[in-house]
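Visitor: I am new to reading protein structures, and I would like to go through this one slowly. Could you show it to me and let me ask about it piece by piece?

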Amino acid sequence: MDIVRRLRSVVLATLAVLCACGGERIALSSMPVPEIRVLLGTPAEGATLTAPDAWDATGEDGHGFADRGTNLSVVVRPGGDGILFGGSSTNATSIRLRTKGSFVVEMDGARRAYRGSLWLRQQSGRLQVINEVDLETYVAGVILNEMGTTAAPAAYKAQAVLARSYAYFKRKGDPSAPWHVYDDERSQVYAGITIPRDAGATITDLERWTAETRGVILTWKGEPFPTYYASTCGGHTTEASTARLDAAGASPIFLGVPCGYCAPSKYYTWSKAVAVQDLADALKSRGVSPPISRLEWSKVGKGGWVAEVTVTYGPKGAKKVVPGPDFRSAAGLRSMRIDAVEAQADGTLLFRGGGWGHGVGLCQVGAQEMARKGFAPDQILRYYYPGAEFTRLY
Ligand SMILES: [Zn+2]
């Protein structure tokens, strides 16, 4: 892969210079692969765990619970005296499970396989199931869920760098936190080593593409930053501030770039009719009451993304400023890249806009198209994150 090859040549050139000066041994990489903690689903009433290979379980709050065996099949639930492990009380509210192979976790109607270990925590009568896994295995478990089932390899490799960067950034903020990321859109979609049936790639493919970017993250002035990305930009990406996302000091990376690459998407443009009454109801908690008489795009970011809507409402024409993302969720719109809104005779407002998601950072549909056209992963990333550096962690 281009990124890795370039980095290697840079590292080797640096080494040659340093070695000529001092002859010291230089560690190319001293950092072990970090472990990332992923909260699986939402804290549950229980889960069924299976593991075909040798496994062991250890309680971690001093009550001496320990168990081991092969071919695990157990229901775990929160109990009055700690976690119930196969119906038996353990007196432990924190249990770590390890196996050489993988665990299958059935919870909340989902059944997925995970490498790494599982950490069970009983908190407020619910069970948290946390997958502790090395960052590379995590990344391989994200890229297909985030980039779609039929992308070209360059798109998955670009997504691997982003998934690693984002997770590393979150972990760095609080390494000892019970979990660093969620396994859904709140962070990045991760399903362990389980992949959808219609996937055009195997887990081995995903691991290989991940390995070809091994340890590489995006940085800004040497520091990791949250590498936001979204589904479809509808023609132009926008600033992090427009979408009220915290760029953690890397806002110059997120100034918005034009993107025609996502034009084939069915969400490149969209329209949606929203009943005025429904909009008023959805904005009620913000103090807006019917009738709504006017919507004004009072702050618009790059690419026509609406950062702020001023809503005129009530009999006296009071005004309320609503941040773009909040307005988007109240109106149920795909994005805040809005071209026009018209009042219809049937009491609805017809919104016309483009894109899907928050519009910040890489446009995933655009990246898929760039990969199809033959762009390399680093070219795709440089396009959507202008000024970002490639840094190899390990
Ligand atoms: Zn786009």
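Visitor: Where is the place of Asp108?

Guide: In this predicted model, strand 7 covers residues 103-107 and strand 8 covers residues 110-114. Asp108 therefore belongs to neither strand, and its place is in the loop between strand 7 and strand 8.

Visitor: What is the phi of Asp108, and is the residue buried or exposed?

Guide: Most residues other than glycine have a negative phi. Asp108 departs from that pattern, since its phi is positive, at about 50°, although it is not a glycine. Its relative accessible area is 53%, and because the cut-off for exposed is over 50%, Asp108 counts as exposed.

Visitor: Which loop holds Ala248, and is Ala248 buried, partly exposed or exposed?

Guide: Ala248 lies in the loop between strand 14 (229-230) and strand 15, and its phi is near 50°, a positive value in a residue other than glycine. Its relative accessibility is 37%, and because buried means under 20% and exposed means over 50%, Ala248 counts as partly exposed.

Visitor: What is the strand order in the open sheet of three strands?

Guide: Strands of a sheet pair through backbone hydrogen bonds, either parallel or antiparallel. Here the pairing is antiparallel, and the edge strands, each pairing on one side only, are strand 13 (223-224) and strand 22 (389-392). Two bridges join strand 12 (residues 216-220) to strand 13, and the order is 13-12-22.

Visitor: Which residue of strand 13 is the bridge partner of Thr219?

Guide: Strand 12, which spans residues 216-220, runs antiparallel to strand 13. Within this pair of strands, the bridge partner of Thr219 is Pro224.

Visitor: Which helix packs on that sheet, and what angle does its direction make with that of strand 12?

Guide: Helix 4 (residues 153-173) packs on the sheet, where it touches strand 12 and strand 13. The direction of helix 4 makes an angle with that of strand 12 of about 65°.

Visitor: How many residues of helix 4 are buried?

Guide: Helix 4 reaches 30 Å from its first C-alpha to its last, close to the 30 Å expected at 1.5 Å a residue. The helix is mostly covered, and of its 21 residues the number buried is 15.

Visitor: Why do the buried residues of helix 7 lie on the same side, and how wide is their arc?

Guide: The buried residues of helix 7 (residues 324-331) are Gly324, Phe327, Ala330 and Ala331. An α-helix has 3.6 residues a turn, so residues three or four places apart point the same way. What covers the buried residues of helix 7 includes helix 6 (276-282), strand 18 (318-323) and strand 20 (348-353). They are put on the same side of helix 7 because the arc that they cover around the axis is only 125°.

Visitor: Which residue just after helix 7 has a positive phi?

Guide: The position to look at is the one that comes just after helix 7. There a positive phi of about 70° is taken by Gly332.

Visitor: How many bridges join strand 16 to strand 17?

Guide: Strand 16 and strand 17 form a hairpin with five residues between them, and Gly303 in the turn has a positive phi of about 75°. One of the paired positions is Ile292, whose bridge partner in strand 17 is Tyr313. The two strands run antiparallel, and the number of bridges that join them is seven.

Visitor: Is Gly301 buried or exposed?

Guide: Gly301 is found in the loop between strand 16 and strand 17. Not counting residues up to four places away in sequence, Gly301 touches Thr238, Glu239, Thr242 and Ala307. Its relative accessibility is 17%, and because the cut-off is under 20%, Gly301 counts as buried.

Visitor: Which peptide bond is cis, with omega near -5°?

Guide: Most peptide bonds are trans. The cis bond leads into Pro291, a residue found in the loop between helix 6 and strand 16. The bond in question is the one from Pro290 to Pro291.

Visitor: How many disulfides does the count come to?

Guide: A disulfide is a covalent bond between the sulfur atoms of two cysteines. Cys262 is buried at 0% relative accessibility, and Cys363 is buried at 1%. With a cut-off of 2.5 Å between cysteine sulfur atoms, the count of disulfides comes to zero.

Methods:
Residues are numbered from 1 along each chain as its sequence is written. This is a predicted model: local features need pLDDT of at least 70, side-chain atom pairs count only at pLDDT 80 or more; totals for chains, interfaces and linings use all residues. Side-chain values use heavy atoms; hydrogens and water are left out. Two strands pair if DSSP finds at least two bridges between them. Helices (H or I, at least four residues) and strands (E, at least two) are DSSP runs, numbered from the N terminus. Contact means heavy atoms within 4.5 Å. Axes are lines fitted to C-alpha atoms, for helices over the stretch in contact, and angles run from 0 to 180 degrees between N-to-C directions. The expected span of a helix is 1.5 Å times one less than its number of residues. Buried means under 20% relative accessible area, exposed over 50%, partly exposed in between (1.4 Å probe, protein chains only). The arc is that of the directions from the helix axis to the C-beta atoms.
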